[in-house]
Amino acid sequence: MKRRDCLALMGASSLLLAGCAGMPAATGTGDLGVIVARSTGTLAIVNTSQRTLLAEVKGLGDLSHASVVFSRDGRYAFVFGRDGALTKVDLLTHRIAGRVMQAGNSIGGAISADGRLVVAQNYTPGGIKAFDSATLELVADIPAEYEPGKLSRVVGLVDLPGHRFAYSLFDADAIWISDLSDRANPVTTKLPNIGRQPYDALVTPNGRHYIAGLFGEDGLAMVDLWEEKPRVRRILGGYGRGQEPLPVYKMPHLRGWAVAGRRAYLPAIGRHEVLVVDTDTWQEVGRIPVAGQPVFVMARPDGRQVWVNFSVPDYHRVQVIDTTTQKIVRTLEPGKAVLHMEFTPRGESVWISSRDDHRVSVIDTQTFATQATMTVDSPSGIFFTSRAARVGF
Amino acid sequence: MNPLTHIKDMRNHCGEHLHMSAAHCAPPLFTMEKLHAPPLPPGPPMHALRRWGAALFLGLASAGALAQQGAPDAARQKELVRMVRQDCGSCHGLYLTGGLGPALTREALADKPLDSMAATIYGGRPGTPMAPWKAMLSEADALWIAQQLMAGFPEPQKDPR
């Protein structure tokens, strides 16, 4: 049956829809996800139980460095494109449900805990913009104006409980926390002098600690958001021990946090190491030599393993750390130019994108066997709807 | 200008200003020679290579190492195009419209000196996230990339699957 026929029949009987190509039967969204095909401006919709590509949604613009958040019901993907577009994609109908050009150059976004506000973080013009997730109407525009007329590029945007969002100002060495509970009058708390050049940040799974990585110095800036008056503490100061840093060909990403048990695993900048920090004392408790400059350091949802990928030229490898021993237990080579990894909701499998092989591999995290592969044009970010239920994703 | 002074000044002052164009602060790659080769017109790679070959030879007659290395061949050029789009693209954007790094479009680079561009690609810019790429590029590669950027960077070729 052709799709056109399906549409014509929609009014007649919803039962018929089940048999129509491209129109799925009534289904949940818990096993859906998306893969960004960065060079073609396409979003692939996938089913993580069946390990199949369901559909491709085209016309999303410049998706280099695209990132995605999900509506609370897991039905809609909000895609933040490099070109400043915010596109709302319906994972059930495989259609674009809304789209707004909201900036000149964007780097990602976040969604509020109640799912009502979608917020974009922008490089040009530097700042954040909040949108109604139902209509994509602009709700608030907060330029990151740190000096008169000077806007900073914004990195490390995360959602916090309530209608609050924390983010870092790359050009201003600051962390700002904006409270949008009164949409017309957002209140922004500004924490200056956090350390040089914050490049990305994460919030811990309990929403308590916001941690910004610093490019300009050895160390990270941490804010305890449960304190009455949040202030910045330096953690892991001087982790490079004064040694000359190695070239950083790609900025690490902190967003896919790796907090496993009471330890956090963080990429070192300019060092081929993963830093291990105790989240009670915030002291370094170890460092693990790895195969290159780490980009993503991600904990399997149960925290038993931490998976690490790398920047060029070491990005054909992925390494797995066993968190009970702090040792690397496996080095995988899933393909050329591994850009991203995403765990299935409970972590029995991980999906890995290999950009230059145009391949996404599904790997069993216990046996490390490859369970499936699929062809996607220059795949980059992989995002599953289970993110909808997690703080900071 | 004494090149050492230039480098010191750059470390002291330029590092804090990420928005500054790459060309403003970069140390000269070839301190003894200024490169005055004109930007390449858009065109097929081999055509471009021949034109550039002459300019390269004349312009770099005393930059011994580079002249010996010569410009990258067609296969290498293809690798470089992909590398710039994809790997440089992580900071500068797949379409080179900028991101954490500045835009590298022809328009954005219109008033930038070629030699500084090549030097920045090869040696990086201390104090900024711009890494030195010399572990992966020869000086000739860096110069070729700078030329292409200033002329409007070639579109990526579709990889065979």
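These questions and answers cover a predicted model with chains A and B.

The model is predicted: local features need pLDDT of at least 70, side-chain atom pairs count only at pLDDT 80 or more, and totals for chains, interfaces and linings use all residues. Residues are numbered from 1 along each chain as its sequence is written, while chains are lettered from A and ligands numbered from 1 in the order in which they are written.

Me: How many helices are there in chain B?
Reply: Helices are DSSP runs of H or I with at least four residues, strands are runs of E with at least two, and both are numbered from the N terminus. Along the sequence the pattern of chain B reads α-α-α-α-α-α-α. Strands number zero, and the helices number seven.

Me: What percentage of the residues of chain B count as buried?
Reply: Buried means 20 or more other C-beta atoms within 10 Å of the residue's own, exposed means 12 or fewer, and partly exposed lies in between, with C-beta atoms placed from the backbone. Chain B has 161 residues, and the buried share is 44%.

Me: Which residues of H5(B) meet H7(B)?
Reply: Helix H5 of chain B spans residues 74–92 and helix H7 of chain B spans 139–151. Contact requires C-beta atoms, placed from the backbone, within 7 Å. On the H7(B) side stand B:Asp141, B:Trp144 and B:Ile145; on the H5(B) side, B:Gln77, B:Leu80 and B:Val84.

Me: At what angle do H5 and H7 of chain B pack?
Reply: Axes are lines fitted to C-alpha atoms, for helices over the stretch in contact, and angles run from 0 to 180 degrees between N-to-C directions. The two axes of H5 and H7 in chain B lie 11 Å apart, and the angle is about 65 degrees.

Me: How many residues does chain A bring to the contact with chain B?
Reply: Chain B supplies 19 residues, and chain A supplies 21.
The chain B side divides into nine nonpolar, eight polar and two charged. Here Ala, Val, Leu, Ile, Met, Phe, Trp, Tyr, Cys and Pro are nonpolar, Asp, Glu, Lys and Arg are charged, and the others, Gly among them, are polar. The number asked for is 21 residues from chain A.

Me: Why is one side of S4 and of S7 in chain A left without a neighbour in the sheet?
Reply: The open sheet runs S4-S5-S6-S7 in chain A, with antiparallel pairing. Strands pair if DSSP finds at least two bridges between them. S4 (67–70) and S7 of chain A each have one free side because they stand at the edges, each with a single partner strand.

Me: What is the bridge partner of A:Val89 in S7(A)?
Reply: S6(A) and S7(A) pair in the antiparallel sense, over six bridges. In S7(A), A:Val89 is bridged to A:Ile96.

Me: Is A:Leu236 buried or exposed?
Reply: A:Leu236 sits in the loop between strands S21 (232–235) and S22 (259–260) of chain A. Its phi is positive, near 50 degrees, in a residue other than glycine. With 23 other C-beta atoms within 10 Å, A:Leu236 is buried.

Me: What is the phi of A:His94 near?
Reply: A:His94 is in the loop between strands S6 (85–90) and S7 (95–101) of chain A. A:His94 is partly exposed, with 16 other C-beta atoms within 10 Å. Phi is positive in this residue other than glycine, near 65 degrees.

Me: Which residue does a cis peptide bond join to A:Thr124?
Reply: The omega of this bond is about -10 degrees. The partner is found in the loop between strands S9 (117–124) and S10 (127–132) of chain A. The residue is A:Pro125.

Methods:
Two residues are in contact if their C-beta atoms, placed from the backbone, lie within 7 Å.
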